[in-house]
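Okay, thanks for making time, everyone. Let me put the model up on the screen, and then I'll walk you through the parts I'd like us to look at.

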Amino acid sequence: QVQLVESGGGLVQAGGSLRLSCAASGSTFSINAMGWYRQAPGKQRQVVAGITSGGSTNYVDSVKGRFTISRDNAKNTVHLQMNSLKPADTAVYYCNAVQYGIEGGRIDYWGQGTQVTVSS
């Protein structure tokens, strides 16, 4: 019911910046929160940043002060501004959207992923 399409990944040198975008379509009225996850080879997928429908944000410690998540409700789009990138940020970044049911149900939707590579 929700489709997510990411864009903005690429190759940058350490210290550079990238801006990821995720456009949601479908039943976007039912989305409670959106966020960004990343997964490096051999590693678990981990949350990087999240934003609720009310605008509350959260970040993993390693990106605090460098990454900023924002949303554009009119366009059903969430962005991740990534500054001061480090090689450790290299991963596939996935957009995530969450729907919560009344009785504890939860549905996660995922984008196809966009590669972010930071060279040293």
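Let me start with a question: in strand 9, which residue is the bridge partner of Met-34? It's Ala-97. Before I go on, keep in mind that what you're looking at is a predicted model.

So, Met-34 again. Over in strand 5, Met-34 has Ile-51 as its bridge partner. If you zoom out to whole strands, strand 4, residues 33-39, pairs with strand 5, residues 46-52, through six bridges, antiparallel. Strand 4 also pairs with strand 9, again in the antiparallel sense, and there you get seven bridges. Strands 4 and 5 make a hairpin with six residues between them, and in the turn Gly-42 has a positive phi of about 75°. As for how covered strand 4 is, six of its seven residues are buried.

Now, one residue in strand 4 I want to stop at is Arg-38. Buried or exposed, what would you say for Arg-38? The relative accessibility comes out at 8%, and the cut-off for buried is under 20%, so Arg-38 counts as buried. Its side chain makes a polar contact of 2.9 Å with the side chain of Tyr-93. Leaving out neighbours within four places in sequence, Arg-38 has a list of contacts including Gln-44, Arg-45, Val-48, Phe-67, Asp-89 and Tyr-93.

Okay, over to the other sheet I picked out. Four strands form an open sheet here, in the order 1-3-8-7, with antiparallel pairing. Strand 1, residues 2-7, and strand 7, residues 67-72, are at the edges with a single partner strand each, so each has one side without a neighbour in the sheet. From one strand to the next, the twist averages 15°. In the middle of that order, strand 3, residues 18-26, and strand 8, residues 77-82, are joined by six bridges. If you want a spot to click on, Leu-20 sits opposite Leu-80 in strand 8.

Last topic, the disulfide. How many does the structure hold? Just one, between Cys-22 and Cys-95, with the sulfur atoms 2.0 Å apart. Cys-22 is in strand 3 and Cys-95 is in strand 9, residues 91-100, so the pair ties together parts that are 73 residues apart in sequence. For the torsion people: about the S-S bond it's about -85°, so this disulfide is left-handed. Cys-22 is buried at 0% relative accessibility, and Cys-95 is buried with 0% as well.

That's my tour, happy to rotate things around if you'd like another look.

Methods:
Residues are numbered from 1 along each chain as its sequence is written. This is a predicted model: local features need pLDDT of at least 70, side-chain atom pairs count only at pLDDT 80 or more; totals for chains, interfaces and linings use all residues. Side-chain values use heavy atoms; hydrogens and water are left out. Two strands pair if DSSP finds at least two bridges between them. Helices (H or I, at least four residues) and strands (E, at least two) are DSSP runs, numbered from the N terminus. Axes are lines fitted to C-alpha atoms, for helices over the stretch in contact, and angles run from 0 to 180 degrees between N-to-C directions. A disulfide is a pair of cysteine sulfur atoms within 2.5 Å. Buried means under 20% relative accessible area, exposed over 50%, partly exposed in between (1.4 Å probe, protein chains only). A polar contact is a pair of N or O atoms within 3.5 Å; within protein, one must be able to donate a hydrogen and the other to accept it, and residues adjacent in sequence count only if both atoms are side-chain atoms. Contact means heavy atoms within 4.5 Å.
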